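Subject: Structure handover

Hi,

Here is the structure for you to look over. My notes on what turned up follow below it.

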Amino acid sequence: MAQEATLNQAQLQILDMMSFIKTPEALSDLNRVISDYFVQKADAELDQMWADGTLSEDRIESFRHLHERTPYNKPIL
């Protein structure tokens with residue numbers, strides 16, 4: 001049985017806005033605006049984490065020695 005995809009309101013609005021993109025430059029501008037939006041969101045989240053103590057100099061320094069790799073198991077021949 002085939003699944004039917006449904007788009008949410010944000011996705012529909014983005015698709016509607018795509019009709020105004022007529023040049024590669026316009027597409028590049030839109031990509032930059034969307035990227036800037038997500039950078040601002042990430043910055044705000046990091047600022048909040050710093051303010052509430054979730055993120056600190058010690059926590060950042062601990063990332064330097066973090067090794068979260070998938071365990072590798074050698075095959076037995």
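A search of the whole structure gives 1 aromatic pair. Tyr37 and Phe38 form that pair, and the geometry is edge-to-face. The ring centres are 5.0 Å apart, with 75 degrees between the planes. An angle over 60 degrees counts as edge-to-face, so the label applies here. Please keep in mind that this is a predicted model.

Are these two rings buried or exposed? Tyr37 is partly exposed, at 42% relative accessibility. Phe38 is exposed, because its relative accessible area of 52% is over the 50% cut-off. Phe38 sits in helix α2.

Both residues of the pair also belong to a nonpolar surface patch. The other members are Leu7, Leu12, Ile14, Leu15, Met17, Met18, Phe20, Leu27 and Ile34. Together, the patch residues have about 1,000 Å² of accessible area. Which elements give two or more residues to the patch? They are α1 (9-18) and α2 (24-51). Helix α1 gives the most, with 5 residues.

Next, the charged side chains. Side chains of opposite charge can pair when their charged atoms come close. How many salt bridges does the count come to? There are 2.

One salt bridge joins Arg32 and Asp29. Their closest N and O atoms are 2.6 Å apart. That is within the 4 Å cut-off, so the contact qualifies. Both residues lie in helix α2. They are 3 residues apart, about one turn of the helix. Arg32 is partly exposed, with a relative accessible area of 46%. Asp29 is also partly exposed, at 37%.

The other salt bridge is between Glu61 and Arg64. Here the closest N and O atoms are 2.8 Å apart. Glu61 is partly exposed, with a relative accessible area of 38%. Arg64 is exposed, at 60%. Why does Arg64 count as exposed? Its value is 60%, and exposed means over 50% relative accessible area.

If you open the model at one place, try helix α2. It holds Phe38 of the aromatic pair, and the Arg32 and Asp29 salt bridge. Helix α2 also gives two or more residues to the nonpolar patch.

Best wishes

Note on methods
Residues are numbered from 1 along each chain as its sequence is written. This is a predicted model: local features need pLDDT of at least 70, side-chain atom pairs count only at pLDDT 80 or more; totals for chains, interfaces and linings use all residues. Side-chain values use heavy atoms; hydrogens and water are left out. Patches are made of residues with over 30% relative accessible area and no salt bridge: like charges are joined within 9 Å, nonpolar side chains (Val, Leu, Ile, Met, Phe, Trp, Tyr) within 5 Å. Accessible areas come from the Shrake-Rupley method with a 1.4 Å probe; for residues, only the protein chains shown count as cover. A salt bridge is a side-chain nitrogen of Lys or Arg within 4 Å of a carboxyl oxygen of Asp or Glu. Helices (H or I, at least four residues) and strands (E, at least two) are DSSP runs, numbered from the N terminus. Buried means under 20% relative accessible area, exposed over 50%, partly exposed in between (1.4 Å probe, protein chains only). Rings of Phe, Tyr and Trp (its six-membered ring) pair if their centres lie within 6.5 Å; planes under 30 degrees apart count as stacked, over 60 as edge-to-face and the rest as tilted.
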